[in-house]
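I opened my notebook next to the model and worked through it one look-up at a time. Here is what I wrote down.

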Amino acid sequence: MNAPITYRHWALDLAPKAAPAVATTTVLILGRIWNANGAEHSVGNAALMVVLAAGAAAAGAFSSGNHSGGSVIAGTAFAASGGLALAGVAGYADGLSLPILLWALATAVAYGLAARYWRTDRRETVTYERQTLSRREDHAHVERVEALRAGAQIEVARSGAVYAEQLANALITRATLPGFNPHAITDAGLPELPSTEGKDW
């Protein structure tokens with residue numbers, strides 16, 4: 001049983017690894033665009049981003065404390081809080097040093113969090129592949145055993161048919177010999193041969 005050969009494009013393998021950097025870079029770019037459109041040193045815009053970031057962080061803390069919420073919602077809320085904080089700083093600051101520093105920090109944290117989920121996913125994938133391989137080997141073993149058993153039965157049946165044919169040919173050949181006495185076989189204590197007289201063959 002051969003597994004189908006599949007080819008994954010390199011972009012499919014690279015996309016999950018690049019997602020955290022793409023996300024933080026997008027937030028930084030949008031924050032700098034916002035900065036160029038009037039958010040620089042704007043206390044009102046900065047206060048808005050602080051409130052939004054604090055709200056997202058509070059939602060993440062509530063979700064992590066609530067067992068029914070799950071870690072996915074908490075992680076999403078904390079990621080949104082960090083993104084809003086980064087966008088607020090990128091929009092408020094007049095230089096690039098602080099936004100780039102926060103961008104590097106946010107990217108490192110995002111990769112740190114993502115690496116945990118990647119390891120878990122990798123372990124689950126490896127476990128699934130091992131179980132699948134084990135099941136395939138078991139099925140292949142059963143198929144091989146059944147194929148050997150069927151082959152042996154076919155060989156036994158073929159040998160029996162050949163033996164029966166040879167025996168029938170020997171009896172026919174012996175019956176055609178001159179001086180053949182079928183009663184001699186019965187007199188010798190062997191079973192009587194079936195009579196073919198009066199039968200339509």
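**Entry 1: the span of a helix.** I began with a yardstick: the expected span of a helix is 1.5 Å times one less than its number of residues. I kept in mind that I was reading a predicted model. Helix α4 covers residues 97-175. Its 79 residues should span 117 Å at 1.5 Å a residue, and I found the end C-alpha atoms 113 Å apart, which agrees.

**Entry 2: the whole chain.** I then stepped back to the protein chain, where I counted five helices and zero strands. Along the sequence I noted the pattern α-α-α-α-α. How much of the chain is buried? I got 14% of the 201 residues. For the accessible surface I wrote down about 15200 Å², with 66% of that belonging to carbon and sulfur atoms. I also looked at contacts between residues at least 6 apart in sequence, and 67% of those join residues at least 24 apart.

**Entry 3: salt bridges.** How many salt bridges does a search of the whole structure find? I found two. Before going through them, I reminded myself that side chains of opposite charge can pair when their charged atoms come close.

In one of the pairs, R149 bridges to E146, and I read 3.1 Å between the closest N and O atoms. Both residues sit in helix α4, three residues apart, or about one turn of the helix. I jotted down a general point here: an α-helix has 3.6 residues a turn, so residues three or four places apart point the same way. Are these two side chains buried or exposed? I found R149 partly exposed, at 44% relative accessible area, and E146 partly exposed too, at 39%.

In another pair, R158 bridges to E155, with 3.3 Å between the closest N and O atoms. R158 and E155 are three residues apart in helix α4, so about one helical turn separates them. For R158 I read a relative accessibility of 48%, which counts as partly exposed. E155 is partly exposed as well, with 40%.

**Entry 4: buried positions in α4.** I next asked which residues of α4 are buried, and my list has P99, T107, A114, T132 and A140. I picked T107 for a closer look. Its relative accessibility is 10%, and buried means under 20%, so T107 counts as buried. What does the T107 side chain meet? I found a polar contact of 2.8 Å between the side chains of T107 and T24. Leaving aside residues up to four places away in sequence, T107 touches A21 and T24.

**Entry 5: N35.** I moved to helix α1, residues 10-39, where N35 has its place. N35 is buried, with a relative accessible area of 8%. Which backbone oxygen lies 2.8 Å from a polar atom of the N35 side chain? I traced that oxygen to G91. Setting aside residues up to four places away in sequence, I listed E40, A90, G91, Y92 and A93 as the residues N35 touches.

**Entry 6: a nonpolar patch.** I looked for nonpolar residues at the surface and noted a patch of about 290 Å², made by I29, L30 and I33. I checked I29 further and placed it in helix α1. With a relative accessible area of 48%, I29 is partly exposed.

**Entry 7: V43 and Y92.** My last look-up was V43, in helix α2, which runs over residues 43-65. Is V43 buried or exposed? At 60% relative accessibility, V43 counts as exposed. I then compared its place in sequence and in space with that of Y92: V43 and Y92 are 49 residues apart in sequence, and their C-alpha atoms are 8.0 Å apart. I had already met Y92 in Entry 5, among the residues that N35 touches.

Terms used. Residues numbered from 1 in each chain as written. Predicted model: local features only at pLDDT ≥ 70, side-chain atom pairs only at ≥ 80, totals over all residues. Heavy atoms only, no water. Salt bridge = Lys/Arg side-chain N within 4 Å of Asp/Glu carboxyl O. Helix = DSSP H or I, 4+ residues; strand = E, 2+ residues; numbered from the N terminus. Buried < 20%, exposed > 50% of the residue type's maximum accessible area, 1.4 Å probe, protein only. Polar contact = N/O pair within 3.5 Å; in protein donor to acceptor, adjacent residues only side chain to side chain. Contact = heavy atoms within 4.5 Å. Patch = residues over 30% accessible without salt bridge, like charges linked within 9 Å, V, L, I, M, F, W, Y side chains within 5 Å. Areas by Shrake-Rupley, 256 points an atom, 1.4 Å probe, with all protein chains shown as cover.
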